[in-house]
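Reader: I would like a close look at one part of this model, taken slowly, with the terms explained as they come up. Please begin with one strand and its partners, and then turn to the aromatic rings.

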Amino acid sequence: MTFVKDIYRDEIRDGWLVKSGIKKAWNTMLEMWQEVDRICHKYNLKYWAYAGTLLGAVRHKGFIPWDTDMDLCMLRPDYNIFCDAVERELLKKDGIFEVERANFNNFRIGMNTTTMLAKDDIQGGEPRKTYGMLIEVYPLDIAPDDTPKGNYFAAKILELLNGGNEEDYPELKKRAEAGERLFNDWQVIENFHSLPEEERQTFYRKYSALLFDKSTMLGTIEYIVTKPERRYPREIFDETIYLPFEEIKMPVPAGYEKILETHYGDWHKFVYDHTFRIGSLYSTDIPYKEFFEQANFDLMFPPEDEDSTEAST
């Protein structure tokens, strides 16, 4: 099914050259999205466009012209149900889908008949389970809301998460041994840290869902830790509206402007972000395992001159 208009024709979108190959990649991701949408309707789960996909829906009525991935978000309780449902329904579907619970706050759905490789994937970046076209889904967890209750329970989640981190655990241990106050019982943190990764994720999903109503602010854990200003009032997600996105309608929170302002500042301004995967290798026709076997990455990614600089638009 074709979800992108004039899929086999290059075009200029908002000043950017969009070649037909990228349109094919977009179309493949929307084919994957169709499965996500089907599962969410089947299990009565809410989801919304997030990050660059939300910005694309609002500003471009589709993908950002230089973007080649798709991001969605869900409330933590729905996210927990969704992950289990996707594993049940997609892993048995023709054998073309792969899923990865990448960490506590990220679920990836890939298609193994395709290839999507960033430069870091070739040069020893963090390994992924799937290297095909991706949809990434993020849970919204509680964030500090500047009230004693909200701050306390958000701190419990963040502390527990740090307790499962190999780098942060020793610091928490020092604090416990020094008699400093911890938000969780130390035995809980120790037990959590000792669990295998998969069991740790299961514990964390249940724990964060149990505390989900304890704060009036929400956010994704990654940003709550690194960019705490990226938190959103819970009521932003009370109502869902649908915006044109390529040839479909994409669900977005009715309060999307607040999210975009928090996330991007002046979101009307076009900025090419080099974290996007436009510089990656992608193919809708070649399975990534075949790509790894046959491609000459030294030729495709030659060493850069030390004095060279990347152009930005």
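Author: What follows describes one strand with its pairing partners, and then the contacts of the aromatic rings.

This is a predicted model, in which local features need pLDDT of at least 70 and side-chain atom pairs count only at pLDDT 80 or more, while totals for chains, interfaces and linings use all residues. Residues are numbered from 1 along each chain as its sequence is written, and side-chain values use heavy atoms, with hydrogens and water left out.

The strand is β8, residues 133–143, and because 11 of its 11 residues are buried, it is largely enclosed by the rest of the structure. Here buried means under 20% relative accessible area, exposed means over 50%, and partly exposed lies in between, with a 1.4 Å probe and protein chains only. Strands (E, at least two residues) and helices (H or I, at least four) are DSSP runs numbered from the N terminus, and two strands pair if DSSP finds at least two bridges between them.

Strand β4, residues 70–75, pairs with β8 in the parallel sense over 6 bridges, and Met74 has Pro139 in β8 as its bridge partner. With strand β6, residues 106–111, the pairing is antiparallel over 5 bridges, and Phe107 stands opposite Val137 of β8. Strand β9, residues 217–219, also runs antiparallel to β8 and is joined to it by 3 bridges, with Met217 in β9 as the bridge partner of Ala143.

Turning to the rings, the structure holds 20 aromatic pairs, where rings of Phe, Tyr and Trp (its six-membered ring) pair if their centres lie within 6.5 Å, and planes under 30 degrees apart count as stacked, over 60 as edge-to-face and the rest as tilted. One of these is the edge-to-face pair of Phe63 and Phe245, at 5.0 Å centre to centre with 65 degrees between the planes. This pair links distant parts of the chain, since Phe63 lies in the loop between α2 (51–59) and β4 while Phe245 lies in strand β11 (residues 240–245), 182 residues apart. Phe63 is buried, with a relative accessible area of 2%, and Phe245 is buried as well, at 0%.

Tyr169 and Trp186 form a stacked pair, 5.7 Å centre to centre with 20 degrees between the planes, and this pair links helix α6 (residues 169–177), which holds Tyr169, to helix α7 (residues 186–194), which holds Trp186. Tyr169 is buried, with a relative accessible area of 13%. Phe104, Phe192, Phe203, Tyr204 and Tyr207 form one aromatic cluster.
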